[in-house]
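Me: I'm new to reading structures like this one. Could you walk me through a few features, one at a time?

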Amino acid sequence: MLHDDILNLQRKKRIGLMGGTFDPIHQGHLVTAEAARSEFSLEKVIFVPSGQPPHKKGLAISSKEARYLMTVLATSGNPYFEVSRLELERPGKSYAIDTVRYFHSQMMEGSELFFITGADAILEIVTWKNVEGLFDWCTFIAATRPGYDLGALREKLLKKLSPHYLQKIIPLEVPAMAISSTDIRERVRNNRTVKYLLPTEVESFIYKNDLYKA
Ligand code: ATP
Ligand code: MG
C-alpha cells in the first residue's frame, strides 16, 4: 500500500454542513462553502435548507420546495456539494442544533463534523440551549468579511462561552460576505439587477416563479 493511501485511511473523514433559509441561495453561500471545503479538506459540504426557521417567524418566506429547488440548482455543478431534505421533512420548527445532532449520530466513528456559518450567526448560535454539547459534536467555521475585527468577535464570544470552546470556532475570511438574500429580494422587488450575485439558474428560477414580487 502506498504511503499516501495509508495516510488517507487514517485521516478522519471531514464533513461540512451549511444550514440556511436560502431564500434565495447566493454566491456568498457558495463561495463560503467552497472555500471551507478547500481550506479544511472537507470530503463534502451538505447544504441544509431550513424548514420553518424559528428566528424568521412572521416574515413571509418562500415555500420549502422553492428554496430546496434553488439550492439544488445552485449546487448541482459542484461534485462536492449535496443538499439534504432533513429540515424540510421534519415537522415543526427547525433548530440547527437538532440537525447537528442528527448528522453527528449518522457519522462514522472517527469522522468529524464542521458547521459553516456567518460570523454574526455564530453569536446567535452560542446562545442556544445545550450549546456546550454542540461543541463536542462539531467545529464551527465562521465566515467573516476581510478586515473583520476578530478581536471584537472573540470578546463577544467570551461573554457567552468559556475560553475552552473558542478553539472550536475557526474564522475564515470570505470576500463575498457583503451579498445577502435580503438585498437580493429587495433588488428583485424593485426591478434592479441581481446578475452575478447568484447563479444564473437561480436567477431564472426566481423570475419564472415570480418570487419576491409581492
Ligand atoms: P437573509 O438576508 O434573508 O438573512 P442570508 O443572506 O443571511 O439571508 P441565510 O440563508 O440566512 O442567508 O444564511 C445562511 C448561512 O449563510 C448563515 O450562516 C449566514 O450567516 C451565512 N451567510 C449569509 N450571507 C453570507 C455571505 N454573503 N457569505 C457567507 N456566508 C453568508
Ligand atoms: Mg441571514
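Reply: Sure. Let's begin with Y212: at 10% relative accessibility, this residue counts as buried, since the cut-off for buried is under 20%. Keep in mind that this is a predicted model.

Me: Where is Y212 found, and what sort of phi does Y212 have?

Reply: Y212 sits in the segment after helix 10. Its phi is positive, about 65°, although Y212 is not a glycine.

Me: What about Y196, is that one buried or exposed?

Reply: Exposed, with a relative accessible area of 70%. Y196 lies in the loop between helix 9 and helix 10, and has a positive phi of about 75° without being a glycine.

Me: Which residues of helix 9 are buried?

Reply: Here's the general idea to start with. An α-helix has 3.6 residues a turn, so residues three or four places apart point the same way. Now the case here: helix 9 covers residues 181–189, and S181, I184, R187 and V188 are buried. Looking down the axis of helix 9, you'd see those buried residues fall within an arc of 120°, so they line one face of the helix.

Me: What covers the buried residues of helix 9?

Reply: The cover includes helix 2 (27–39) and helix 10 (200–208). And if you follow the chain just past helix 9, you'll meet N191, which takes a positive phi of about 55°.

Me: How do I read the surroundings of ligand 1? Which residues come nearest?

Reply: Start with the shell of residues around the ligand, then look at single contacts. Ligand 1 has 20 residues around it, and H26, T32, I179, S181 and T182 come nearest. Strand 1 (14–20), helix 2, strand 4 (112–118) and helix 9 each supply at least two residues of that shell. By type, the shell splits into six nonpolar, 12 polar and two charged residues.

Me: Which side chains have an N or O atom by an oxygen atom of ligand 1?

Reply: Among them is T182, where the distance is 2.4 Å. For R185, the distance is 3.1 Å. There's a backbone case too: a polar backbone atom of T21 is 2.9 Å from an oxygen atom of the ligand. Taken alone, ligand 1 exposes 590 Å², and the protein buries 84% of that.

Me: One last feature: where is there a cis peptide bond?

Reply: Look between D23 and P24, which are joined by a cis peptide bond with omega about 0°. P24 belongs to the loop between strand 1 and helix 2.

Conventions. Residues are numbered from 1 along each chain as its sequence is written. Chains are lettered from A and ligands numbered from 1 in the order in which they are written. This is a predicted model: local features need pLDDT of at least 70, side-chain atom pairs count only at pLDDT 80 or more; totals for chains, interfaces and linings use all residues. Side-chain values use heavy atoms; hydrogens and water are left out. Buried means under 20% relative accessible area, exposed over 50%, partly exposed in between (1.4 Å probe, protein chains only). Helices (H or I, at least four residues) and strands (E, at least two) are DSSP runs, numbered from the N terminus. The arc is that of the directions from the helix axis to the C-beta atoms. Contact means heavy atoms within 4.5 Å. A residue is near a molecule or strand if one of its heavy atoms lies within 4 Å of it. A polar contact is a pair of N or O atoms within 3.5 Å; within protein, one must be able to donate a hydrogen and the other to accept it, and residues adjacent in sequence count only if both atoms are side-chain atoms. Accessible areas come from the Shrake-Rupley method with a 1.4 Å probe; for residues, only the protein chains shown count as cover. Ala, Val, Leu, Ile, Met, Phe, Trp, Tyr, Cys and Pro count as nonpolar, Asp, Glu, Lys and Arg as charged, and the others, Gly among them, as polar.
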